[in-house]
Amino acid sequence: SIFPLIASASLLIQDTQSEEAKAAASALIYTLVMAPNTKRLITHSPSVLENLVRGLLFHVNGASCSRIRHAVFALQSLTAEEPGKTCLTTIRQSAEFRRRKR
């Protein structure tokens, strides 16, 4: 299964302090979501989708511009359609997002 790889990349994006590690994990996720079957697996697993969208969103909002290109692309791909759109809206409306954005 590909889920352990996706989960590991998601944890890196969310938990590491290293912008380089976050950028590399984001590039991996971007590469994976470009494959329609993998993207479908991710978007049909609510917890995986939520963790990825949350991690990518916080990474995009907190990193330097040179390190977020793949994160932006992955985030756009995952949230262009449902259920990703709703997931993104929910995260943006959360208290956690508003606190971190400050």
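A residue is called buried here when its relative accessible area is under 20%. Keep that cut-off in mind as you click through this predicted model.

**Stop 1: helix α5**

Select residues 69-79, which form helix α5. Colour Ala71, Ala74, Leu75, Ser77, Leu78 and Thr79, the buried residues of this helix. An α-helix has 3.6 residues a turn, so residues three or four places apart point the same way. Now bring up the surroundings: the cover over the buried residues of α5 includes α2, α3 (36-43), α4 and α6 (84-93).

**Stop 2: Ser77**

Zoom in on Ser77, still in helix α5. Is Ser77 buried or exposed? Its relative accessibility is 12%, so Ser77 counts as buried, being under the 20% cut-off. Show Val33, Met34 and Lys39 next: Ser77 is in contact with these three once its neighbours within four places in sequence are left aside.

**Stop 3: the aromatic pairs**

Switch on the aromatic side chains; the model has 2 aromatic pairs. Start with Tyr30 and Phe73, whose ring centres lie 5.5 Å apart with the planes at 45°, so this pair is tilted. Tyr30 sits in helix α2 (residues 19-33) and Phe73 in helix α5, so to speak a link between distant parts of the chain, 43 residues apart. Both rings are partly exposed, with relative accessibility of 23% for Tyr30 and 35% for Phe73.

Move on to Phe58 and Phe97. Here the ring centres are 5.8 Å apart and the planes meet at 25°, so the pair counts as stacked. This pair, too, links distant parts of the chain: Phe58 belongs to helix α4 (residues 46-62) and Phe97 to helix α7 (residues 95-101), 39 residues apart. Phe58 and Phe97 are both buried.

**Stop 4: the largest nonpolar core**

Which residues of the largest nonpolar core touch the most other members? Select Ile6, Ile29, Ile42, Leu52, Val53, Leu56 and Leu78, which hold that place among its 23 residues. At least two core residues come from each of α1 (3-15), α2, α4, α5 and α6. Helix α4 gives the largest share, 7 residues.

**Last stop: Leu52**

Finish by centring the view on Leu52, one of those residues that touch the most other core members. Which residues are in contact with Leu52, leaving aside neighbours within four places in sequence? Show Ile6, Ser10, Ile29, Ile42 and Leu78. Leu78 brings you back to the start, as one of the buried residues of α5.

Notes
Residues numbered from 1 in each chain as written. Predicted model: local features only at pLDDT ≥ 70, side-chain atom pairs only at ≥ 80, totals over all residues. Heavy atoms only, no water. Helix = DSSP H or I, 4+ residues; strand = E, 2+ residues; numbered from the N terminus. Buried < 20%, exposed > 50% of the residue type's maximum accessible area, 1.4 Å probe, protein only. Contact = heavy atoms within 4.5 Å. Phe/Tyr/Trp six-rings, centres within 6.5 Å; stacked < 30°, edge-to-face > 60°. Core = buried A, V, L, I, M, F, W, Y, C linked by side-chain atoms within 4.5 Å.
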